Amino acid sequence: MEFERNSVEPRKIDEETRKDYDYMLDHPEEYYRHYYHYYRRRLAPKVDVTIVILVTVCAISVFQFFSWWSSYNEAINYLASVPKYRIQATEIARQQGLLNKTKEKGKNRRSKEEIREEEEEIIKDIIKNKIDIKGGYQKPKIYDILLFQILLAPFYWCKYIVWYCWWIYCFTIKGQEYGVEEKLYIIRRYMKMSQSQFDSLEDHQKQTFLERQLWIRENYEVYKREQEEELKKKMAIDPRWKRYRRWMKNEGPGRLTFIDD
C-alpha cells in the first residue's frame, strides 16, 4: 500500500499526530511502529491531569480529617476511662445539674442503659471542653488538612517572611533579649521537633528547658549528651535490650554458618 502526501488528512490533528503521519509517509515499511503510535494515542486516557491531582488531594484530605477525628475520639474515650479525669468530670456535671436531668420520672422515664449512655456522653463532653489535648490526638482543625494547606501556602509563606524579618530586626539588629516564646522556639528547633510534638510535652519539661537555658547552643549540647548517656544506661540494664544484643551477637542478621551434614 502506497501513501501520498497529498492525501486527505483529518481536520483536527495536533502536531504530534502530524509528525507521526509524515514519518509514516517517509517510512511506509515501519507499519508496526505506526500501528503502535496510532493505538497508543487512541487508547490513552483523555483525562485532565489537573482534575486527577485535585481529586487525589481531596481524597487524601478527607481521609486525613476522618483519621484525625478517630484519633481524637480515641483519646477522649481513654481519658473518660481514667479515674482521675472521670471523677473530676462527674463532679463538674453534678455541680451544673447535668446528671440530675438524666434521672427523670413518670412518662419521660428511660431505661438504665439509656441513662448510662447519656451520662457517658455528658462526661465526655465535659472532658472535651475542660482538657486541652495536644499532640497527635488533639482536636482536628479543617485548616490542617492537605487541601487547605496547599491553598493557604502563599499566605503562610508571606507570614513566615514577615515573621523572619521581624526576628532579624529585633534580635539581630537591635539586640533585644529573647522572650519565653522565642526561647522555646529556639529550643524546639534544636530538638528538631514539630510544633505538635513540642506542644505535647508536659509543662514541667518545658520549665526545665528554660531553667537550664537550653536556647543557648552550648547548654543544649551538654543537655543532649546527658540524655544520650542516660539512654545508654537504660538500654544497658533493660533486659529486652540485653536479649537483643545477645541475639545480634550470636544469631543476628548477616551471620552465615556452614553446617556439615
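In the predicted model, residues 49-69 are 100% helix and 0% strand, and the C-alpha atoms at the two ends of this stretch are 30 Å apart. A second stretch, residues 146-169, is 96% helix and 0% strand, with 33 Å between its end C-alpha atoms. Both stretches carry the label "transmembrane region" in UniProt, where the entry is unreviewed.

Residues on and around the second stretch take part in a nonpolar surface patch. Ile142, Tyr143, Phe155 and Tyr156 make up this patch, which covers about 420 Å². Of these residues, Tyr143 sits in the loop that runs between α6 (112-130) and α7 (146-151).

Tyr156 also belongs to the lining of the largest pocket. The volume of this pocket is about 530 Å³. Besides Tyr156, the lining includes Asp144, Gln149, Lys159, Tyr160 and Trp163, together with Tyr185, Arg188, Gln195, Ser196 and Asp199. At least two lining residues come from each of the helices α8 (153-173), α9 (180-191) and α10 (195-199). Helix α8 provides the largest share, with 4 residues. Sorted by class, the lining of the largest pocket contains 4 nonpolar, 3 polar and 4 charged residues.

Salt bridges were searched for over the whole structure, and 3 were found. One of the contacts of this kind joins the side chains of Arg86 and Glu120, with a nitrogen-to-oxygen distance of 2.7 Å. Arg86 is part of helix α4 (residues 83-95) and Glu120 is part of helix α6, so this salt bridge ties together parts of the chain that are 34 residues apart in sequence. Helix α6, which spans residues 112-130, is also the element that precedes the loop holding Tyr143.

Key
Residues are numbered from 1 along each chain as its sequence is written. This is a predicted model: local features need pLDDT of at least 70, side-chain atom pairs count only at pLDDT 80 or more; totals for chains, interfaces and linings use all residues. Side-chain values use heavy atoms; hydrogens and water are left out. UniProt positions are given in the numbering used here, feature names are shortened, and annotations may be inferred rather than shown by experiment. Patches are made of residues with over 30% relative accessible area and no salt bridge: like charges are joined within 9 Å, nonpolar side chains (Val, Leu, Ile, Met, Phe, Trp, Tyr) within 5 Å. Accessible areas come from the Shrake-Rupley method with a 1.4 Å probe; for residues, only the protein chains shown count as cover. A salt bridge is a side-chain nitrogen of Lys or Arg within 4 Å of a carboxyl oxygen of Asp or Glu. On a 1 Å grid over the protein atoms alone, a cavity is a set of points where a 1.4 Å probe fits but cannot get out, and a pocket is an open set with protein on both sides within 12 Å along at least five of seven lines; lining residues have an atom within 4 Å of a point. Grid points are joined across faces, edges and corners, and a volume is the space filled by probe spheres set on the points. Ala, Val, Leu, Ile, Met, Phe, Trp, Tyr, Cys and Pro count as nonpolar, Asp, Glu, Lys and Arg as charged, and the others, Gly among them, as polar.
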